[in-house]
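I sat down with a new model and kept short notes as I went. Here is what I looked up.

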Amino acid sequence: MTNNDTKALWTGMVPVDDTALYVTDTGGDGVPVIYCNGQFATLGYWKHVVAELGDGFRHINFDERARGKKSKTSADYSFEACVRDVDAVLAARGVTGPVIIAGWSYGAFVATTWAFRNPDRCIGVVPVEGAEPHDWLTDAMEARIRKLFKRLSLVTALLRPTGLTPKLSAAQQAECNIELGKISREANLGPVIDGLAVPTRYVLASGASFGSKGDEQEQIRAALDKYVARNPNVEISAKVASNHDLILKKDFKAVADAVRDVAATAR
């Protein structure tokens with residue numbers, strides 16, 4: 001592990017299971033916020049949110065297994081491994097008190113699941129464009145996912161050294177996405193959202209996502225309405241103009257506002 005004293009930012013590798021994750025931690029006495037990334041994204045996606053929130057928070061961010069330039073590969077890329085990694089990062093950074101957990105896309109599923117399982121360790125959760133219970137995975141969709149990642153395999157391989165694409169094969173990426181479809185089903189995710197016992201502030205986009213067609217993304221978002229209606233802890237903080245893929249870049253202020261709202265509940 002290494003230290004970087006610029007602006008008190010700590011950077012280093014955190015061992016977990018058979019791998020190691022690249023982690024950054026701004027330190028300080030502010031409310032700790034841990035960020036969970038998109039399925040194949042990196043911690044850099046959160047930079048605008050982190051800058052907007054500023055020094056009043058302690059920002060803990062990490063690249064998941066085989067993501068980014070530095071996180072190592074693993075034999076386990078399952079969703080459960082991603083949830084365990086949140087615990088590993090917090091433990092490695094000595095965070096014992098409650099945190100805010102924020103997640104975008106795939107990370108929203110990780111964040112809500114972790115918050116559901118750890119209400120005593122969680123101030124609240126900010127899911128951004130994810131964690132909406134909906135049965136979107138069909139046999140046809142599964143075939144479409146496999147075809148998409150196979151088609152993109154050459155491009156992702158070329159970009160891999162930059163850290164912009166994961167160190168996973170096309171088949172591994174497809175399996176991760178298909179597993180997410182199963183986790184998204186109402187029978188699986190519905191009880192998690194219904195059972196959230198901490199302030200939960202969703203930030204939703206309006207446009208499509210990479211790989212989606214027509215109004216598929218809007219159908220997924222609409223599925224959240226009944227959970228908001230019956231769980232008083234769950235609210236939609238904002239629905240913004242940008243699409244799924246650009247929300248952290250174009251509407252970072254709305255995400256930061258949701259984090260601040262959750263933080264205010266702890267005072």
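Before sorting a pocket lining, I fixed my classes: Ala, Val, Leu, Ile, Met, Phe, Trp, Tyr, Cys and Pro are nonpolar, Asp, Glu, Lys and Arg are charged, and the others, Gly among them, are polar. I noted that this is a predicted model, where local features need pLDDT of at least 70 and side-chain atom pairs count only at pLDDT 80 or more, while totals for chains, interfaces and linings use all residues. Residues are numbered from 1 along each chain as its sequence is written, and side-chain values use heavy atoms, with hydrogens and water left out.

**Pocket.** I looked up the largest pocket (on a 1 Å grid over the protein atoms alone, an open set of points where a 1.4 Å probe fits, with protein on both sides within 12 Å along at least five of seven lines; lining residues have an atom within 4 Å of a point). I got a volume of about 1400 Å³, taken as the space filled by probe spheres set on the grid points, which are joined across faces, edges and corners. Its lining has 47 residues, with Ser105, Ser209, Phe210, His244 and Asp245 nearest the centre. By class I found 21 nonpolar, 18 polar and 8 charged residues there. Helix 4 gives the largest share, 9 residues (helices are DSSP runs of H or I, at least four residues, and strands are E runs of at least two, numbered from the N terminus).

**Histidine 134.** I found this one in the loop between strand 7 (122-128) and helix 4 (139-159). Histidine 134 and serine 184 are 50 residues apart in sequence, yet their C-alpha atoms sit 5.8 Å apart. Skipping residues up to four places away, I listed its contacts (heavy atoms within 4.5 Å): Ser184, Arg185, Glu186, Gln219, Ile220 and Ala223.

**Helix 6.** Which residues of helix 6 (residues 186-194) are buried? I got Leu189, Gly190, Val192 and Ile193, with buried meaning under 20% relative accessible area, using a 1.4 Å probe and protein chains only. They share one side of helix 6 because they cover an arc of only 165° around the axis, counted from the directions from the helix axis to the C-beta atoms. Those buried residues pack against helix 3, helix 5, strand 8 (200-204), helix 8 (225-230) and strand 9 (234-239).

**Valine 83.** I placed this residue in helix 2 (residues 79-92). Valine 83 counts as buried because its relative accessibility is 4%. Beyond four places in sequence, valine 83 touches Val110, Thr113, Trp114 and Arg117.

How values were computed: Buried means under 20% relative accessible area, exposed over 50%, partly exposed in between (1.4 Å probe, protein chains only).
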